Amino acid sequence: MSPGVREIVAFIDDVNAARLSLYGTLIGRVQQHGLPRDWPNRFFRRSVRGARSSAGQPQ
């Protein structure tokens, strides 16, 4: 791996660690405040992938 790629991978690892730490903190607040179980998930975007289209193929 080139040095630039290593830096990006290290950055991604740091971001994921921070995200997981924050998620853990939010989960702790669910019980403390009687919040819905899915409450922490509301703070994080989820990507939605659709079915692959048949682009370029005649219909």
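The expected span of a helix is taken as 1.5 Å times one less than its number of residues, and helices and strands are themselves DSSP runs (H or I with at least four residues for a helix, E with at least two for a strand), numbered from the N terminus. The model is predicted, so that local features need pLDDT of at least 70 and side-chain atom pairs count only at pLDDT 80 or more, while totals for chains, interfaces and linings use all residues. Residues are numbered from 1 along each chain as its sequence is written, and side-chain values use heavy atoms, with hydrogens and water left out.

**Exercise 1.** Determine the secondary structure of the protein chain and compare the reach of helix α1 with its expected span.

Step 1: the protein chain has one helix and zero strands.
Step 2: helix α1 covers residues 3–33, which is 31 residues, and its first and last C-alpha atoms are 45 Å apart, close to the 45 Å expected at 1.5 Å a residue.
Step 3: after α1 comes Gly34, with a positive phi near 65°.

**Exercise 2.** Characterise the accessibility of the protein chain and locate a nonpolar patch that includes Phe11.

Step 1: of the 59 residues in the protein chain, 7% are buried (under 20% relative accessible area, with exposed over 50% and partly exposed in between, for a 1.4 Å probe and protein chains only).
Step 2: the accessible surface of the chain (Shrake-Rupley method, 1.4 Å probe; for residues, only the protein chains shown count as cover) is about 5,800 Å², and 53% of it belongs to carbon and sulfur atoms.
Step 3: Phe11 is found in helix α1 and counts as exposed because its relative accessibility is 55%.
Step 4: Phe11 joins Ile8, Ile12 and Val15 in a nonpolar surface patch with about 390 Å² of accessible area together; patch residues have over 30% relative accessible area and no salt bridge, with nonpolar side chains (Val, Leu, Ile, Met, Phe, Trp, Tyr) joined within 5 Å and like charges within 9 Å.

**Exercise 3.** Identify the salt bridge and describe the exposure of Asp38 and Arg42.

Step 1: the count comes to one salt bridge (a side-chain nitrogen of Lys or Arg within 4 Å of a carboxyl oxygen of Asp or Glu).
Step 2: the side chains of Asp38 and Arg42 form a salt bridge at 3.2 Å, N to O.
Step 3: Arg42 lies in the segment after α1 and is exposed at 55% relative accessible area, whereas Asp38 is partly exposed at 39%.
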